[in-house]
Amino acid sequence: MSLVGARVLRKEDPRLLTGQGTFVDDIQPVGCLHAAFVMSSCAHAELVSIDARAALAMPGVVGVWTAADFLDYPDLPGGLPELERPALARNRVRFAGEPLAVVVAESRYQVADAVAAVEVEYQELDSVTDVTLAAGPDAPLLFEHHGSNVITKVPMLDDLERELERCDQRAHLRLVNQRCAAVPIEASACLADWGVEGLTLWATFQAPHHLRNYLATWLDLPQNLCRVIAPDVGGGFGAKIPWYPELFIAPLLSKWLRRPVKFTQTRSEAMVQMTHGRDQVHDVDVGFDNDGRIKALRFIISQNLGAYPDPTGLGLAVLTSWMAAGCYDIAKVATSFRTVVTNTTPVAAYRGAGRPEAAYSIERMVDLVALRTGLDPAEVRRRNFISPKAFPYKTHNDPVVYDSGDFPQALAECLRLVDYEEVRRRQAATRNDPDAPLIGVGLSCWLEIAGFGPNGSLEGFGHLASWESAQVRIHPDGSAVVFAGSSPHGQGHETTFAQIASDELGIPFDRISVRFGDTATVIQGIGTMGSRGVPTSGSAVKMASVTVLGRAKKIAAHLLEAAEEDLEVLDNAFSVRGTPGKKVSWGDVAWASFQPLRLPEELSAGSLEERLFMESPNFSYPSGAYACVVEIDRRTGRITIDKMVLIDDCGTVINPLLAEGQVHGGVAQGIAQALFEQVVFDPDSGQPQTTNLIDYLVPSAPDLPDYVAGRITTLCPNNPLGAKGIGESGAVGAPAAVVNAVLDALSGFGVEHLDMPVTSEKVWHVLQGGQQ
């Protein structure tokens with residue numbers, strides 16, 4: 001029986017669920033010191049002085065360091081020239097929470113007390129947090145030498161005004177995709193130990209080799225003396241890819257003090273220091289005929305980068321522009337974007353990274369077309385879908401060629417499971433009943449770009465390359481170990497990669513181990529991001545396993561004196577087809593592989609091992625159709641999700657249990673963005689207003705609905721597994737479905753749009769006759 005496609009329980013869970021996982025903060029080397037940052041209390045200011053005398057006199061305090069102590073080291077890597085972020089603020093702070101000094105003490109309690117004792121004198125400057133205001137001519141500048149807060153700008157070649165004018169109708173929306181915090185269950189943490197054999201850094205990070213490569217260069221340390229380990233990582237969602245000061249400062253402090261040094265963020269620190277996501281403003285114009293067919297789309301993107309241009313943050317608007325038209329066949333599409341710095345926490349990838357923003361806006365525009373034409377939203381989608389026969393489909397952007405999909409089938413299955421006609425009937429029956437809740441149903445037919453593996457796709461974000469590595473090694477007893485360059489933070493690599501290897505090798509699942517996250521044991525890797533784990537790294541595991549099996553068959557044929565083509569692998573053994581008794585176990589073959597006298601001439605000892613770097617000719621394009629049914633209390637505006645239907649097309653599914661878990665988590669974050677979450681800054685002072693989980697509303701289980709999940713399958717032709725990836729899908733598709741449902745419920749109140757989060761308060765104002 002094939003394990004690919006089977007609902008196999010996760011290998012990781014017994015360890016993690018019984019408290020036997022190893023996270024960075026669990027590691028307690030002898031003599032470990034604790035470090036913490038003094039953070040800026042101002043959003044924009046010149047640094048006048050930093051007085052650490054009181055802190056240095058406190059019990060257990062080892063030292064206090066400022067930017068002046070790091071002048072021999074460059075700014076953090078990856079930024080644009082002259083716009084790089086310093087390891088500690090130098091002369092000026094650009095966002096509230098920016099680290100400006102580091103304190104080290106014997107315990108975390110002593111270091112927390114000492115941080116509070118450091119006195120900082122500022123000369124405050126005007127600040128700006130809004131992306132539109134920051135791009136204006138009178139905005140306070142974050143980098144005067146740059147002359148503008150606009151960092152990059154890509155204009156459109158044709159504004160499509162003539163095409164828009166030719167349509168029967170046109171519509172415009174300004175859509176704000178609000179800023180969100182990633183809030184992984186484990187905040188940022190690292191532990192540096194610089195000993196006589198070099199540096200070891202444990203870090204809660206999504207790409208340990210990526211960190212090792214840049215950290216070694218920054219420290220002027222040979223890579224063989226720089227080891228980075230990502231142990232168990234408690235979530236990342238993209239926010240554990242960027243460079244943070246502690247990743248570079250901790251190793252130096254350990255070197256200077258000759259003791260291990262640990263940083264562990266508190267939740268409040270993480271809310272202002274860990275990169276945020278989203279924060280785009282879209283000005284979208286759509287031209288359409290009275291039959292609902294969309295003829296032209298103009299899509300203008302403004303991306304808030306926060307205080308420093310992160311390499312990932314700079315690429316978000318690119319991805320949004322690539323996916324602007326979604327799953328629709330629109331004859332004329334024009335996009336442009338600008339990226340802008342503001343006095344806020346830097347912005348980088350957050351689950352979906354530019355693609356949820358695109359999906360949300362195009363799906364909102366499709367619903368607006370339905371409203372203006374009087375057509376059903378489902379029918380407008382059907383009339384504009386890319387035909388299943390049109391793949392591969394070349395889009396408005398040259399690098400983007402959709403691989404496969406069947407959008408009509410996904411929508412049809414979604415409508416069936418949500419019982420669309422019955423929902424519409426209930427909606428009509430209760431619309432004029434003042435005691436009944438308002439009912440709304442929203443659709444989201446979404447598409448995203450994933451499987452980041454084509455050459456050049458990650459280099460632009462600062463990575464070494466875009467391939468992913470795998471190494472398969474057979475032990476002398478016939479068990480196997482897989483070394484994966486992709487390092488997980490909740491995806492279940494130990495399970496899915498073992499399933500793939502087991503299927504190809506014929507070795508039982510429980511006799512396959514998966515190793516990752518350690519630059520001293522995994523030869524090289526790129527990292528886990530962009531839903532690339534299965535399409536790229538999983539494909540590498542598959543192809544390396546295929547090669548190893550081919551060699552194993554040669555050995556088995558040699559031992560059995562049979563032809564390779566006559567062999568099959570069953571029950572952990574190689575047997576000759578039609579001769580069940582003539583077989584040799586995997587263990588016997590593996591043992592022989594280390595004995596040159598028992599091998600065929602073309603093989604040498606240790607030949608049952610293969611190392612492979614997997615490249616992809618193109619991206620993958622997961623897609624789906626989601627439906628949300630909401631009920632709104634007419635008196636309070638309270639929104640309740642009554643039903644959520646999720647149809648995904650992620651190509652080949654390795655493990656449905658894990659795939660469903662990924663979708664459920666992504667949908668939870670999508671619902672959270674639609675209804676609850678928003679990072680807020682005071683517009684005058686730039687002070688963050690959502691610095692803890694009391695002020696920043698993360699939904700809990702009672703706030704979320706049960707899900708009805710389904711799936712269609714169109715295979716990806718660009719990797720040997722046919723997989724498209726599914727890690728970000730829920731976050732891409734859910735926000736538009738929820739917001740469309742709320743606005744559908746409010747359709748009788750003359751409101752065409754509400755920006756996320758669509759809170760009960762906003763809805764209440766609409767119900768009272770106001771706008772929000």
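Student: In this predicted model, which cysteine holds the sulfur closest to that of Cys-32, and why is there no bond?
Tutor: A disulfide needs two cysteine sulfur atoms within 2.5 Å. The sulfur of Cys-32 lies 10 Å from its closest cysteine sulfur, so the gap is too far for a bond. Cys-32 is itself buried, at 10% relative accessible area. The cysteine with that closest sulfur is Cys-190.

Student: How many disulfides does the structure hold?
Tutor: Cys-327 is another cysteine to check; its relative accessible area is 0%, which makes it buried. Its sulfur is 5.5 Å from the closest cysteine sulfur, in Cys-445, and that is too far for a bond. For the structure, the number of disulfides is zero.

Student: Where does helix H15 bend?
Tutor: H15 covers residues 533–560, which is 28 residues. From first C-alpha to last it reaches 38 Å, close to the expected 40 Å. The bend is about 25°, and its place is Ser-539.

Student: Which residue follows H15, and is its phi positive or negative?
Tutor: The helix runs to residue 560. Next comes Glu-561, with a phi near 55°, which is positive.

Student: What is the order of the strands in the open sheet?
Tutor: Three strands form the sheet, and their pairing is antiparallel. Strands S22 (567–570) and S24 (579–585) each pair on one side only, so they are the edge strands. From one strand to the next, the twist averages 35°. The order is S22-S23-S24.

Student: Which residue in S23 is the bridge partner of Val-569?
Tutor: S22 and S23 (residues 573–576) run antiparallel and are joined by four bridges. In S23, the partner of Val-569 is Phe-574.

How values were computed. Residues numbered from 1 in each chain as written. Predicted model: local features only at pLDDT ≥ 70, side-chain atom pairs only at ≥ 80, totals over all residues. Heavy atoms only, no water. Buried < 20%, exposed > 50% of the residue type's maximum accessible area, 1.4 Å probe, protein only. Helix = DSSP H or I, 4+ residues; strand = E, 2+ residues; numbered from the N terminus. Expected span 1.5 Å × (residues − 1). Bend = angle between axes of the 7 residues up to and from the residue. Pairing = 2+ DSSP bridges. Axes fitted to C-alpha atoms, helices over the stretch in contact; angles between N-to-C directions.
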